[in-house]
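These are my notes from a session of looking up features in one structure. I kept the entries short and grouped them by place.

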Amino acid sequence: MSESIYGLIARFDTPEAVVEATRRARQAGYRKMEAYSPFPIEELTEILDFKPKIQYLVFIGGVLGALTGFALQYYASVISYPLIIGGRPFNSWPAFIVVEFELTILFAGLAAVFGMLGLNGFPHPYHPVFNAKDFKLVSRDKFFLVIESSDPRFDAERTRSFLESLNPEEVTDVQP
Amino acid sequence: MNRIQADEKLIRRLGSYQKIALIVGVLGILALIAGFFLTSGEDFFSGYLIGWVFWVQVALGALVILMIQNTVGGRWGLVIQRVVEAATQTLPLMAILFLVVLAGIPHLYEWAHADVVAHDELLQAKAPYLNVPFYVVRSVIYFVIWIGIAYLLRKWSLQLDNEPDNAALRKKMRNLSAPGILIFGLTVTFASVDWMMSIEPHWYSTIYGIMFGVGAMASGFAFSIIVLMGMLKFKPWSGIIQTIDVSDLGNWLLASIMLWAYVAFSQFLIIWSANLPEETTWYLARTQGGWQWVAIINVFLHFFLPFFFLLVRGTKRAPGRLKKIAWLVLIMRFVDLIWLIYPAFSPGKLAFPWVSVAALLGVGGLFLAIFFRQLAKVSVPPLYDSRLPVTNVSEEAHGHVS
């Protein structure tokens, strides 16, 4: 049985409890674990040592947007269809900045949305954690901590008693 | 109620800063007196105007931050409340130091000369607004409004320290601050038009006022960040300031310089696009003969460099790094004011108004002496406010990068 489960899940009633439990599990040496909460808890991000990468994608998206904005206008007004307007040069870069700015925002925004989906591993039609008992409460008022069986320190008996010692409401198996 | 006292060391430190500021102020004033005799009236008064406006906009930035804090504030506002309150208490001093600008009206403003106006149809048309008595009256009105708001908010805030549960008092502060922000927008617009834009009375820009006001807000945040980060290692601040507060203040600084860049560029784009002779003169005076380098430095060091540094989460969360960026913004505010004011007296020919440095030190020394005195008086944040729980996570704020 021990090798066939996805992991063990502990349910907590308060954010403080799940933060404390995650901290203790981390100190105990567990690494392959995940905490679930109805709302973002900043401490959890730090304890789980989660390094978000989304900001790099957003930045790259923004830079690409600015370059696209410039290329678009440069091509249109210098190469494709040069027109003298108000005696200004074809490459009127100050006037280009408005569109560059808009495209920076657009591309950064798109990079944020699709980057988030991609980094989260979506589309993801199946995840074992949804097999856990009462897991649907995670979107209401309960907090969960999962220790996966792939963690080198995972042992069905000892991990279970460790989780029990963290004062959870309940500890159950997660079927794969 | 159990009042938390500030660290004795902090109070002593503030006291010694006050003395140093006073000495610098006196030396600056001596330099100003020397400047008065050594340079032309134009150079002296324009330099004085630059240094004086710099400190006025720090105080005004503090005032608008205080009003925003009283209207919508959260933790970020509570942690800098004492700093900005103390900074607004310098406004009476700034009003007194304005007398020097008044004495310089004939040197600063073309429209004050009857013989010039007599030969200038445009200035005749503007004379109902641009004349010396009305200029003085308007400036008095601005200062009465600003000092009045600053005085009341400080008074009520100190009263609140003794009766923290007085909800009516909090409501009064909010009811003054919310319309106060609107009044601030109007008075700062008129003040910047009067004091700075009317130096070149033929030129006009309707975005000038907001550009100055937003720059003032950036200065207010930069100044408050520098002071607050300096107090971090002292009690009770060490137990109060959290990483999130440092980060929020960094975001405010980022937002202010972005808005400043936005309006400054808007003015440039509109004038550049229209390309009308009466509008472009202002930029021609500021982008030729060496001034273009100041303009380029302004764009990069007042906007791009702080912008990119403040985009990085790590900068905003490390008090030391945020403080450095705040110093950069504050210094660039001074450079920006030189670039806004001095080319009117030296169009298309780069020159450094060294009197402005004497004024920066002279006015600044007195400003800081009053500021540190006020800060030492009440340097403890409003801990009774339920939004400001005392915690022990300050260690995270020290060099912690996530």
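Entry 1, a loop residue in chain B. I first fixed the terms: buried means under 20% relative accessible area, exposed means over 50%, and partly exposed lies in between. I also note that this is a predicted model. I then looked up Asn275(B), which has a relative accessibility of 43% and therefore counts as partly exposed. I located Asn275(B) in the loop between α12 (243–274) and α13 of chain B. Its phi is near 55 degrees, a positive value in a residue other than glycine.

Entry 2, a positive phi in chain A. I turned to Asp49(A), which is not a glycine and yet has a positive phi of about 55 degrees. I found Asp49(A) in the loop between α2 and α3 (54–80) of chain A. Is Asp49(A) buried, partly exposed or exposed? I recorded a relative accessibility of 39%, so Asp49(A) counts as partly exposed.

Entry 3, a cis peptide. I looked up the peptide bond that joins Phe122(A) and Pro123(A) and recorded it as cis, with omega about -5 degrees. I placed Pro123(A) in the loop between α4 and β3 (143–148) of chain A.

Entry 4, chain A as a whole. I counted 5 helices and 4 strands in chain A. Along the sequence I read the pattern β-α-β-α-α-α-β-α-β. How does the radius of gyration of chain A stand against that of a compact globule of 176 residues? I noted 25 Å for chain A, where such a globule would have a value near 16 Å. The C-alpha trace of chain A spans about 80 × 30 × 30 Å along its principal axes. I noted that 32% of the 176 residues of chain A count as buried. Among contacts in chain A with a separation of 6 or more, I found that 78% come from residues 24 or more positions apart.

Entry 5, the second largest pocket. I recorded a volume of about 1,100 Å³ for this pocket. Its lining has 32 residues, and those nearest its centre are Glu34(A), Ala35(A), Tyr36(A), Phe50(A) and Asn120(A). The elements of chain A that give two or more residues to this lining are β2 (33–36), α2 (42–47) and α4 (93–119). I credited β2(A) with the largest share, 4 residues. By class I noted 21 nonpolar, 6 polar and 5 charged residues in the lining of this pocket.

Entry 6, enclosed space. How many cavities of 30 Å³ or more does a search of the whole structure find? I noted 2. The largest cavity holds about 40 Å³ of space. Its lining consists of Ile9(A), Ala10(A), Arg11(A), Lys133(A), Asp134(A), Phe144(A), Glu170(A) and Thr172(A). Two or more residues of this lining come from each of β1 (7–12) and β4 (170–174) of chain A, and β1(A) gives the most, with 3 residues. I sorted the lining of the largest cavity into 3 nonpolar, 1 polar and 4 charged residues.

Entry 7, the second largest cavity. I recorded about 30 Å³ of space here. The residues that line this cavity are Met196(B), Met197(B), Ile199(B), Glu200(B), Tyr208(B), Trp282(B), Arg286(B), Leu340(B), Ile341(B) and Ala344(B). The elements of chain B that give two or more residues to the lining are α13 (277–286) and α16 (319–341). By class I noted 8 nonpolar, no polar and 2 charged residues in the lining of the second largest cavity.

Entry 8, a charged residue of that lining. I looked up Glu200(B), which lies in the loop between α9 (167–195) and α10 (208–231) of chain B. Is Glu200(B) buried or exposed? Its relative accessible area is 17%, so I entered Glu200(B) as buried. What does the side chain of Glu200(B) meet? I found a polar contact of 3.0 Å with the side chain of Arg286(B) and one of 3.5 Å with the side chain of Trp282(B). Beyond neighbours within four places in sequence, Glu200(B) is in contact with Trp282(B), Arg286(B) and Ala344(B).

Entry 9, a helix residue in chain B. I placed Phe184(B) in helix α9 of chain B. I entered Phe184(B) as buried because its relative accessibility is 8%. With neighbours within four places in sequence left aside, Phe184(B) is in contact with Leu60(B), Val64(B) and Met67(B).

Conventions. Residues numbered from 1 in each chain as written. Chains lettered and ligands numbered in written order. Predicted model: local features only at pLDDT ≥ 70, side-chain atom pairs only at ≥ 80, totals over all residues. Heavy atoms only, no water. Buried < 20%, exposed > 50% of the residue type's maximum accessible area, 1.4 Å probe, protein only. Polar contact = N/O pair within 3.5 Å; in protein donor to acceptor, adjacent residues only side chain to side chain. Contact = heavy atoms within 4.5 Å. 1 Å grid on protein atoms, 1.4 Å probe; cavity = no way out; pocket = protein on both sides within 12 Å on 5 of 7 lines; lining within 4 Å. Points joined across faces, edges and corners; volume = space filled by probe spheres on them. Nonpolar A, V, L, I, M, F, W, Y, C, P; charged D, E, K, R; others polar. Rg over C-alpha atoms; globule rule 2.2 N^0.38 Å.
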